[in-house]
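Subject: Structure handover

Hello,

Here is the structure for you to look at. Please open it alongside this message.

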Amino acid sequence: MGEPIIEVDGLVKTFRGGMRALDGLTLRVPAGVIYALLGPNGAGKTTLIRVLATLLPFDQGTACVAGVDVGRDPAAVRALIGLAGQYAAVDDYLTGRENVEMVGLLYGLTRREARRRTYEVLDRIGLVDAADRPVRTYSGGMRRRLDLAASLVGRPAVIFLDEPTTGVDPASRRELWALIRELVGAGTTVLLTTQYLEEADRLADRIAVIDHGRLVCEGTGDQLKDQVGAAVVELSVPDIDRARTLAALTDAGADPHGRDSGAVVVPAPLGARSLHRVLRELEAAGIAPETIGLRKPTLDEVFLTLTGHATGTPVLSAKAA
Amino acid sequence: MGAAASAACPVVYPPGLRRTARDIAVLTRRNLRHTVRLPGVLLLSLVMPVVFILMFTAVFGGAVEAALPPAAAGKYVNWLVPGLLAQFALFGGAGTAAGLADDLAKGSIDRFRSLPMTRVAVLAGRTLSDLCRSALTLMLMAVVGFAIGFRWQTDLLGMLAGTGVALAFGYAWSWVMAVVGLLVRTAEAVQAAVYIVVFPLGFTSAVFVPTQTMPTWLQPFATHQPVTVTANAVRGLILGPGALPAGQTVAGQVGLTLLWATAITAACVPLAVRAYRRTVT
C-alpha cells in the first residue's frame with residue numbers, strides 16, 4: 001500500500017440553509033488503488049468529490065491531492081486530476097474524438113499530443129470504431145466510457161468518478177468495472193462514489209463508509225465484513241409473527257434487522273452458537289421460523305449495521321434511504 | 001503511463017496570454033460546431049429577424065414614413081433596417097444566456113471548471129461564438145432588406161461600419177446576458193429574463209420610430225438608452241448625418257456607442273467570471 005495521495009482532514013462543508021454535507025471528515029487514500037466512497041444519498045460522497053475536484057469551496061479542515069493543498073492552490077490541483085461526473089458531461093453534437101481532443105487541449109496539451117492521446121484512450125476504452133460518430137448516437141454505456149476517456153486524456157494522477165455506473169445496464173457496468181481496474185493497473189488512483197454495495201465490494205481495494213458527512217469506518221471489503229462478525233443468521237417467519245420476532249430478538253440483545261423481503265437478519269458473532277441462541281429465543285417466544293440458516297454477511301448488511309450504529313438512527317430507515 | 005508519465009505531462013501552467021487565447025479558441029470552436037450541427041436551430045433563429053423586417057415594413061411603413069427624416073429617402077425600410085441591425089445584435093445575447101444555462105444543466109461547466117484551463121475561456125468562447133452567429137444574422141438581414149428595397153444612403157464602407165458598430169454593442173451586451181445565464185441557470189428563466197429586460201430595451205428605443213413621436217414621459221429614457229444610441233450610430237453610418245436627431249453627429253454617436261460597449265463589457269466581465277467561479281450545482 002503506497003503513500004496517501006489524497007489526504008482529507010476534518011473537512012467541513014455547510015450549504016446555505018444549514019445542511020452540513022461534510023461534518024469533520026478525515027480520510028487517507030493510498031496511491032494506486034481503487035477507493036470507494038460508499039453511502040446513501042445525501043451522505044456527503046458527491047460533496048467530497050466536488051471539494052477535491054476544486055468545484056466547491058469548503059468551510060473548515062484541509063484537503064490535499066498529490067501533496068497540493070486544494071484550498072490554497074486549486075489551479076495546480078486541476079492539472080493533476082480527472083473528473084467524470086454523475087451525468088456523463090459529454091457533448092452530444094461533437095463526435096467522440098472531438099470531445100476527448102477538446103478536453104486534451106484544455107489540459108494544455110499540444111494539438112499533436114492531444115490527437116495522439118485521444119487515439120490512445122479511445123483505443124483503450126474500445127471506442128475507436130465509434131470515434132467519428134456524434135455522441136448523441138451513443139448508448140448510455142458508451143457515453144460513460146467516453147466520459148471516462150475524456151477524464152483520462154490529461155493522464156491525471158487521480159481520477160474522481162462520481163457514481164460511474166449509475167443508470168447503466170449490467171453488461172455495461174461490468175465493462176466499466178474492467179476499464180476502471182485497468183486504470184489502476186496503469187498507476188492511476190481512482191476515487192469513486194457508489195450507492196451499489198456490490199460495486200464497492202467487487203471493484204474497490206478499499207472502502208470508506210460515509211454517512212451524514214462523517215467517516216463511519218474504512219478498510220478492505222473483508223475488514224468491513226469482519227466488523228459485523230463472521231456470519232449472520234437469516235430467518236423467515238409468517239408475517240403475523242414478524243413484529244413479535246423482532247421484539248423478542250431485540251429484547252434478547254440480538255440486534256435483528258427486518259428486511260423489505262420479509263427476511264429477518266441477525267448478526268451471529270459466535271457462529272453456530274449464535275444460531276442456537278436465536279432458535280432458543282424464538283422458541284421461548286413461541287415463534288416457529290419457516291426457514292432459518294447461518295451465512296456470511298453481505299456488504300449490504302455491513303453497511304446497514306455500521307451506519308445504523310454510527311448515527312444512532314434505526315437500521316430500517318437507513319435501508320429506506 | 002503512471003506517476004512518472006503524469007509528472008512529464010506537458011501541461012502549460014500557469015496559463016499565460018497565449019494559453020488563454022488558445023483555450024478561448026478551443027471553446028469558441030466547440031460552440032460553433034454546435035451551431036453548425038444544429039442547422040434547424042440556426043435556421044429558426046434566422047426566421048425572426050427576417051419576419052421582423054417584412055412585418056414591420058408592411059405594418060408601420062405607411063404610418064411612419066411622413067415622420068421620417070429626409071435621409072431615409074422616403075422609405076421606411078431604409079429607416080428600419082439599420083435600427084433592426086442594432087436590435088438583433090442586442091437579441092443575440094439571449095443565445096449567450098441560453099447556451100451557458102444549457103452547459104450548466106448538462107454538467108459541461110463542471111468539467112470545464114475541473115480542468116487546468118483559463119477561467120474566462122468558457123465565457124469568452126461563448127460570447128465570441130455568439131458574435132459570429134450575430135454577424136451571420138445581420139448579414140442575412142441586410143440581404144433580405146436589400147431584396148425588399150432597402151438601400152444604404154452612404155456607401156458600402158458605411159454599411160459595413162454600421163454593422164460592425166451594432167455587433168460591438170451586441171458583443172458587450174452578450175456579457176450582460178452571460179451573467180444572467182449563469183445566475184438564472186435554466187432555459188425557462190432565460191426566456192423570462194429576455195422578455196423582462198431585452199424586449200423593453202429593444203422596443204422603447206429609436207429602432208422602429210423616431211423617439212420624438214413617443215410620449216414625453218418616455219422620451220428621456222428612450223432617447224438616451226444605449227439601444228437608441230447604437231441605432232443612431234448605425235443609422236448615421238448607413239444613411240448619413242441627416243438621419244440623426246438635430247445636434248448629433250455620426251462620430252459622436254459612434255463614439256458614444258463604443259463607450260457604452262466598453263463600459264458594459266468592463267462591468268460585466270468580472271461579474272460573469274465571478275458568477276462562473278461560484279456556480280455550485
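Below is what was found in it, strand by strand.

First, a caution: this is a predicted model.

The sheet. Six strands of chain A make up an open sheet. Read across, the order is E6-E7-E8-E3-E9-E10. The pairing is mixed. Strand E6 (81–84) and strand E10 (214–219) of chain A are the edges, each pairing on one side only. From one strand to the next, the twist averages 20°.

At the E10 edge, the partner is strand E9 (residues 206–211) of chain A. E9(A) and E10(A) run antiparallel, with five bridges between them. One residue pair to look up there: A:Ile210 is bridged to A:Leu215 in E10(A).

The helix. Helix H1 (residues 45–52) of chain A packs on this sheet. The strands that H1(A) touches are E3 (34–38), E7 (158–162), E8 (189–194) and E9 of chain A. The direction of H1(A) makes about 145° with that of E7(A).

Other pairings. Strand E1 (residues 4–14) and strand E4 (residues 60–65), both of chain A, pair antiparallel over five bridges. Here A:Asp9 has A:Thr62 in E4(A) as its bridge partner.

E4(A) also pairs with strand E5 (residues 68–69) of chain A. That pairing is antiparallel too, over two bridges. A:Cys64 sits opposite A:Asp69 in E5(A). E4(A) and E5(A) form a hairpin, with two residues between the strands. In the turn, A:Ala66 has a positive phi of about 50°.

Best regards

How values were computed:
Residues numbered from 1 in each chain as written. Chains lettered and ligands numbered in written order. Predicted model: local features only at pLDDT ≥ 70, side-chain atom pairs only at ≥ 80, totals over all residues. Pairing = 2+ DSSP bridges. Helix = DSSP H or I, 4+ residues; strand = E, 2+ residues; numbered from the N terminus. Axes fitted to C-alpha atoms, helices over the stretch in contact; angles between N-to-C directions. Contact = placed C-beta atoms within 7 Å.
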